[in-house]
Amino acid sequence: MPASRTTGETPDYGTWIRTRPLVVFAILTASFLGLSLLMVITPWALLLLLPAGAFGYITLILALARHRFSNTGGQYQRLIHELIRSHARGERVLDIGCGNGHLAIAVAKENPQRLVTGLDYWGSAWEYSKQVCERNAQLEGVAGRVAFMKGSAAAMPFSDAEFDCVVSCLTFHEVRELQDKTEAVSEALRILRPGGSFVFLDLFSDPGAYPRQQLLRQRLEEGGAVDISDVPLASLMSLPFPLNGKRVLKHARLVSGRKQAG
């Protein structure tokens, strides 16, 4: 990541793996391991090795996934963003669920004519913020062409057909206000102009998030989507362990296309 020539600072994009759950599971692992030492008093304490092993495995998966997504462990977060960016078209682009702004900034840097908006709820459960987004854009030299605003993908504060392109990365399944996550796809298509393009990456194959798989295609077609491409992420890039697991990116699919012109 390039550093600012004036301050020496580098953008802070973090990873999709949050620190809080990683720390919690690490503490649980250590706690149950510690309690299992009571086996010197009672053999029943050996049973505590079972939750220790389970929590330890979760901790391992989270830590290794975080490493894979980072700049030192393969940069898979950057590679996935680059994949989405390569499909982006047009000059007015919206990034739904922009996090710390990496994808929005990458899209802006590709084309000096682009005006990009990043939308995120920035809830307390996530280690992202609007302030960090704006600082990252400043460090990357695109602050004048990227704007960030707070909002939910369930009901976005934009007019119909406002954008030339809408992108989103691993966001729709996180929209808590919607029981049916495909409604967020419909909302995204609402603000896309006729003829505009969309690129959505999400866990669309996850039956927990999308129990009615046929609904995604239905929402796309109802929203006017044509030339639809729906491809598993694993077929577009090699995903190492644990990214290829069902708890990480096994269910991820890249869905793209355009909105039918009037």
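Here are four short exercises, each with a worked solution, on a predicted model.

**Exercise 1. Check the length of helix α1, then work out which side of α1 is buried.**

Step 1: α1 runs over residues 19-36, which makes 18 residues. At 1.5 Å a residue the helix should span 26 Å, and its end C-alpha atoms are indeed 26 Å apart, so the two agree.

Step 2: Now pick out the buried residues of α1, which are Leu 22, Thr 29 and Ser 36. Looking down the axis of α1, these buried residues fall within an arc of 65 degrees, so they line one face of the helix.

Step 3: Flip to the other side of α1 and you find Arg 20 and Ile 27, both exposed. As for what covers the buried residues, that includes α2 (49-69).

**Exercise 2. Find two residues other than glycine with a positive phi, and decide how buried each one is.**

Step 1: Start with the usual expectation: most residues other than glycine have a negative phi.

Step 2: Gln 75 has phi near 55 degrees and sits in the loop between α2 and α3 (76-85). Its relative accessibility is 26%, so Gln 75 counts as partly exposed.

Step 3: Trp 122 has a phi of about 50 degrees, and its loop lies between β2 (115-120) and α5 (130-139). Buried means under 20% relative accessible area; Trp 122 comes in at 12%, so Trp 122 is buried.

**Exercise 3. Locate a cis peptide bond and say which loop holds its proline.**

Step 1: Most peptide bonds are trans, so scan omega for an exception. The bond joining Phe 241 and Pro 242 is cis, with omega about 5 degrees.

Step 2: Place the proline: Pro 242 is in the loop between β6 (225-232) and β7 (253-259).

**Exercise 4. Describe the largest nonpolar core, and then look for a second one.**

Step 1: Nonpolar side chains tend to be buried together in soluble globular proteins. Here the largest nonpolar core has 43 residues, and those with the most contacts inside it are Phe 69, Ile 80, Ile 84, Phe 148, Leu 201, Leu 233 and Leu 249.

Step 2: Ask who supplies it. Elements giving at least two residues each include α2, α3, α5 and β5 (192-202), while α4 gives the most, with five.

Step 3: Zoom in on Ile 80. Leaving out residues up to four places away in sequence, Ile 80 touches Trp 16, Phe 69, Cys 169, Leu 201, Leu 233, Met 237 and Leu 249.

Step 4: There's also a second, separate core of 26 residues, with Phe 158, Val 185, Leu 192 and Phe 204 among them.

Definitions and conventions: Residues are numbered from 1 along each chain as its sequence is written. This is a predicted model: local features need pLDDT of at least 70, side-chain atom pairs count only at pLDDT 80 or more; totals for chains, interfaces and linings use all residues. Side-chain values use heavy atoms; hydrogens and water are left out. Helices (H or I, at least four residues) and strands (E, at least two) are DSSP runs, numbered from the N terminus. The expected span of a helix is 1.5 Å times one less than its number of residues. Buried means under 20% relative accessible area, exposed over 50%, partly exposed in between (1.4 Å probe, protein chains only). The arc is that of the directions from the helix axis to the C-beta atoms. Contact means heavy atoms within 4.5 Å. A nonpolar core is a set of buried Ala, Val, Leu, Ile, Met, Phe, Trp, Tyr and Cys residues joined through side-chain atoms within 4.5 Å.
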